[in-house]
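Load the model in your viewer and keep the selection panel at hand. The stops below follow one another by selection.

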Amino acid sequence: MAASIALSGRGRGLSTPNPNVGCLIVRDGHVVGRGWTQKGGRPHAEAQALDQAMDRAAGATAYVTLEPCFHLSPRGPRCADLMARAGIARMVIALRDPDPRTDGQGAAWLRDRGVTVDMGLMADEAARAMAGFVLRQTLGRPHVTLKLGLSLDGRIALADGSSRWITGPDARAHAHMERARHDAILVGGGTLRADAPSLDVRLAGLADRSPRRVLLSRGDAPAGWTRIGAPEEIATLERVDHLLVEGGAETAAAFLRAGLVDRLLLYRAPIVIGSGLAGIGDIGLFDLADAHGRWRMTDMRQLGVDRLEVYEAVRNA
């Protein structure tokens, strides 16, 4: 299942409006098929894995990160039906599909046809890997990652606004990889006016994965951009399940005040700036006690001379 979850990451930022599912088919201890949801949502991970496995799928075990789809679609057959017809003997499913068109029906349909179905293995990890789809289904909005490149003292620029470069090339390359894993990227009007950012992916082989550009502003957006007037309007963004927020300080604060940041990426450079520009503006905090217990570190790694810290929001805080 861990391998299937890793495969699902290959479709993140590409598979919307479908979830980025991963699937492995195993027979007699050997992987005979693997797949992940392709660009635009088709083919599904299960269909791709079955195409690889061919007749070796009969009697095999399939490991899939999300319950196989059960609803009829003009874009292709139901994956639950494909699995049963291929002769899969056992289905190991990480996460029950929150889409009401499936939501347990795919698993029940397979059981009725003699397939052994186990549900819940590594469900939390699978939900994290498909966080954009899960949030769109449950809360009606995309998953939001806030990215900040900071000095040790929490500054994003000198007092005059100079910010190139806070972090080194390894951290910047990692940030571009993160862009490639998102459907859209958002900045505020101040960042647009000050930096005129291109917000593209500048990594060899991944330039075609540059995300859509979104502007948080009350004014007009340039050609090729989508404008929203408030953080809550991210729910109106079509075909966006994973949103990356990059700047600036007031935009970051606006999303934090609204409780719409699900994941924090903090790239910390080993420099001290002093009286520069703060990374985040006022978030409306009046009591330090309210700040505790709201974030959980999920990863920390060295990127050249810089350090990356990854945090996820604790929603029951």
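Start with glycine 140, which comes after helix α6 and has a positive phi, near 75°. Helices and strands here are DSSP runs (H or I over at least four residues for a helix, E over at least two for a strand), numbered from the N terminus.

Two notes on the values come before the next selection. This is a predicted model, in which local features need pLDDT of at least 70 and side-chain atom pairs count only at pLDDT 80 or more, while totals for chains, interfaces and linings use all residues. Residues are numbered from 1 along each chain as its sequence is written, and side-chain values use heavy atoms, with hydrogens and water left out.

**Helix α6**

Select residues 131-138, which form α6; the helix is mostly covered, with six of its eight residues buried. Buried stands for under 20% relative accessible area, exposed for over 50%, and partly exposed for what lies in between (1.4 Å probe, protein chains only). The buried positions are Ala131, Gly132, Phe133, Val134, Leu135 and Arg136. Now show what covers them: the list includes β3, β4 (90-95), α5 (123-129), β6 (143-150) and β11 (242-247). Contact, here and below, means heavy atoms within 4.5 Å.

**Helix α2**

Move to α2 (45-53). Seven of its nine residues are buried, namely Ala45, Glu46, Ala47, Gln48, Ala49, Leu50 and Ala53. These buried residues pack against β1, β2 (30-36), β3 and α3. After α2 comes methionine 54, with a positive phi near 50°.

**The nonpolar cores**

A nonpolar core is a set of buried Ala, Val, Leu, Ile, Met, Phe, Trp, Tyr and Cys residues joined through side-chain atoms within 4.5 Å. For the largest one, which has 36 residues, select Ile25, Met83, Ile88 and Met91, the members with the most contacts inside it. At least two residues of this core come from each of β1 (22-27), α2, β3, α3, β4, α4 (105-112), α5 and α6. Centre on isoleucine 88: beyond residues up to four places away in sequence, it touches Ile25, Leu50, Ala57, Ala60, Ala62, Met83 and Val115. Another core, of 21 residues, lies apart from the largest one; Ala184, Ile228, Val245 and Val261 are among its members.

**Glutamate 67**

Next, select glutamate 67, in the loop between β3 (61-66) and α3 (79-86). Which side chain of opposite charge is nearest to this buried residue? It is arginine 96, 4.9 Å away, and glutamate 67 has no salt bridge. A salt bridge needs a side-chain nitrogen of Lys or Arg within 4 Å of a carboxyl oxygen of Asp or Glu; for charge, Lys and Arg count as positive and Asp and Glu as negative, with His and the chain ends not counted. The side chain of glutamate 67 does reach the backbone nitrogen of glycine 104, at 2.9 Å. Its contacts outside four places in sequence include Ile93, Leu95, Thr102, Gln105 and Met119.

**Positions from the UniProt record**

The unreviewed UniProt entry lists Ser163, Arg179, Arg202 and Glu246 under "binding site". UniProt positions follow the numbering used here, with shortened feature names, and annotations may be inferred rather than shown by experiment.

Select arginine 179 in helix α7 (residues 169-180). Arginine 179 counts as buried because its relative accessible area is 9%. Then add glutamate 246, placed in strand β11, which is buried at 16% relative accessibility. The two side chains are joined by a polar contact of 2.9 Å. A polar contact is a pair of N or O atoms within 3.5 Å; within protein, one must be able to donate a hydrogen and the other to accept it, and residues adjacent in sequence count only if both atoms are side-chain atoms. Leaving out residues up to four places away in sequence, glutamate 246 also touches Lys147, Ile185, Leu186, Val187 and Leu199.

The same feature name in the unreviewed entry also covers other positions, including Gly149, Thr191, Gly248 and Ala252. The full set is spread over 106 residues of sequence and, in space, up to 24.5 Å between C-alpha atoms. Two of these make the last stops. Threonine 191 sits in helix α8 (residues 189-195) and is buried, at 17% relative accessible area. Alanine 252 belongs to helix α9 (residues 249-257); with a relative accessible area of 1%, alanine 252 is buried too. Beyond four places in sequence, alanine 252 touches Leu146, Gly279 and Ile280.
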